[in-house]
Amino acid sequence: MSDYLATFTDAIRDRLAGNSSLRSALAAGSGSIRWYEQDRDAAMPFVTVAMQAMDATSSVQGFTKRAERVEIDVHVYVDAQSDNGSTPTNGNETLGSISYMVKGDWHEQSSGLPTYGFDRWQPTLTGSGWDCTSIMLEQTAVLNEPGILHHVHTFVCHVSVSKA
């Protein structure tokens, strides 16, 4: 068994990078997906991801082995007056589109499972010796600044040592 964080981080990165619509929306403004960086001089729109894990062994009922609560904060930054390459647009449209892709489409699927995004998606932590619950959207914070639209989508899940 190993620590799950490397496998978990790869799963999060791959989920974002695998969303071609999200990549296209970011590329329209020369934006990108960044890890743990918040470079205000970067081309917008852009997305940053930060994670933290906390011990949850004693606080989560049903876990009889080591468990951790993981929070994933996905920051979406958009110029308030974004430009899609040909026509100036209201940044709220771009922000809404990117945020929707980050959250996902579970509510549109008959299975209730998202085809993209994080809300209700369950990562597979193959080879790590850990299992993960479905990721759930906990909150969205609006942290706008002059000229910059900034939303933070906080997702949570629990990971535990796999049952042997």
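**Exercise 1.** Are Tyr 4 and Trp 130 buried or exposed?

*Solution.* The model is a predicted one, in which local features need pLDDT of at least 70 and side-chain atom pairs count only at pLDDT 80 or more, while totals for chains, interfaces and linings use all residues. Residues are numbered from 1 along each chain as its sequence is written, and side-chain values use heavy atoms, with hydrogens and water left out.

Step 1. The term buried stands for under 20% relative accessible area, exposed for over 50%, and partly exposed for what lies in between, with a 1.4 Å probe and protein chains only.

Step 2. Tyr 4 is buried, and Trp 130 is buried as well.

**Exercise 2.** State the order of the secondary structure elements and the confidence of the model.

*Solution.* Step 1. Helices (H or I, at least four residues) and strands (E, at least two) are DSSP runs, numbered from the N terminus.

Step 2. The protein has three helices and six strands, and from the N terminus on their order is α-α-β-β-β-α-β-β-β.

Step 3. Confidence is given by pLDDT, the predictor's value for each residue from 0 to 100. The mean for the protein is 83, and 80% of its residues reach 70 or more. Among the elements, strand 5 (residues 136-142) has the highest mean, 97, and strand 1 (residues 33-35) the lowest, 73.

**Exercise 3.** Describe the aromatic pairs Tyr 4 with Trp 130 and Phe 46 with Tyr 77.

*Solution.* Step 1. Rings of Phe, Tyr and Trp (its six-membered ring) pair if their centres lie within 6.5 Å; planes under 30 degrees apart count as stacked, over 60 as edge-to-face and the rest as tilted. The structure holds six aromatic pairs.

Step 2. The pair of Tyr 4 and Trp 130 is tilted, at 4.7 Å centre to centre and 55 degrees between the planes. Tyr 4 belongs to the segment before helix 1 and Trp 130 to strand 4, 126 residues apart, so that the pair links distant parts of the chain.

Step 3. The ring centres of Phe 46 and Tyr 77 are 4.7 Å apart and the planes stand at 25 degrees, so this pair is stacked. Phe 46 in strand 2 and Tyr 77 in strand 3 are 31 residues apart, and both are buried.

Step 4. Tyr 4 and Trp 130 also form one aromatic cluster with Phe 8.

**Exercise 4.** Which residues have the most contacts inside the largest nonpolar core?

*Solution.* Step 1. A nonpolar core is a set of buried Ala, Val, Leu, Ile, Met, Phe, Trp, Tyr and Cys residues joined through side-chain atoms within 4.5 Å.

Step 2. The largest core has 30 residues, and Phe 8, Ile 72, Phe 118 and Ile 135 have the most contacts inside it. Among the elements that each supply at least two residues are helix 1 (5-17), strand 3 (67-79) and strand 6 (148-161).

Step 3. Contact means heavy atoms within 4.5 Å. Not counting residues up to four places away in sequence, Ile 135 touches residues including Phe 8, Ile 72, Phe 118 and Phe 155.

**Exercise 5.** Locate Ser 99 and Met 51 and state their burial.

*Solution.* Step 1. Ser 99 is in helix 3 and is buried, at a relative accessible area of 5%. Beyond residues up to four places away in sequence, Ser 99 touches Val 76, His 151 and His 153.

Step 2. Met 51 is in strand 2 and is buried, at 17% relative accessible area. The C-alpha atoms of Met 51 and Val 156 are separated by 9.6 Å, although these residues are 105 residues apart along the chain.
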